[in-house]
Amino acid sequence: MLFELTYTVEDATGISDHDVEHFAAFNARFNAWPYWRELAQTVTNRMRIPTLLVPVLRLPATRVPLEPPGEESSDAGEGDASTNE
């Protein structure tokens, strides 16, 4: 089974490829998961077989950089306790 999510943006100014990949990796899964859960439950119920209950989506904790590699924040190092001696 394939679910396709289509998003539109009126003004893509300031949206990088990294932003799109980050959105797709995390938000898109959360947006599609409830539809998959409902479909699985409805179809198995209509087939009169034990209902398949798909759990709530829980992603493992991950650390994803907020900025693309190679780009540094303009305030890098300011207020960072690890750089103060």
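Here's an informal walk through the structure, from its largest pocket to its surface and its helix.

Keep in mind that this is a predicted model, where local features need pLDDT of at least 70, side-chain atom pairs count only at pLDDT 80 or more, and totals for chains, interfaces and linings use all residues. Residues are numbered from 1 along each chain as its sequence is written, and side-chain values use heavy atoms, with hydrogens and water left out.

Let's start with the largest pocket, which has a volume of about 170 Å³. A pocket here is an open set of points on a 1 Å grid over the protein atoms alone, where a 1.4 Å probe fits, with protein on both sides within 12 Å along at least five of seven lines; lining residues have an atom within 4 Å of a point. The volume is the space filled by probe spheres set on the points. Among the lining residues are Tyr7, Ile15, Phe23 and Ala28. What's the chemical character of that lining? It splits into eight nonpolar, one polar and no charged residues. Tyr, Ile, Phe and Ala count as nonpolar, while Asp, Glu, Lys and Arg are the charged ones.

Out on the surface, Met1, Phe3 and Tyr35 make a nonpolar patch of about 420 Å². Patches like this use residues with over 30% relative accessible area and no salt bridge, with nonpolar side chains joined within 5 Å. A salt bridge would be a side-chain nitrogen of Lys or Arg within 4 Å of a carboxyl oxygen of Asp or Glu. Met1 sits in the segment before helix 1 (17–46), and its 79% relative accessibility makes it exposed; exposed means over 50%, buried under 20%, and partly exposed in between (1.4 Å probe, protein chains only).

Now for helix 1, a DSSP run of H or I with at least four residues. Phe30 is in helix 1 and partly exposed at 41%. The C-alpha atoms of Phe30 and Arg58 are 9.1 Å apart, although 28 residues separate them along the chain. Thr42 is also in helix 1, partly exposed at 23%, and its C-alpha lies 8.6 Å from that of Leu52, 10 residues away in sequence.

Finally, Arg48 is in the segment after helix 1. Its phi is near 60°, a positive value in a residue other than glycine, and Arg48 counts as exposed at 78% relative accessibility.

Note on methods:
Patch = residues over 30% accessible without salt bridge, like charges linked within 9 Å, V, L, I, M, F, W, Y side chains within 5 Å. Areas by Shrake-Rupley, 256 points an atom, 1.4 Å probe, with all protein chains shown as cover. Helix = DSSP H or I, 4+ residues; strand = E, 2+ residues; numbered from the N terminus.
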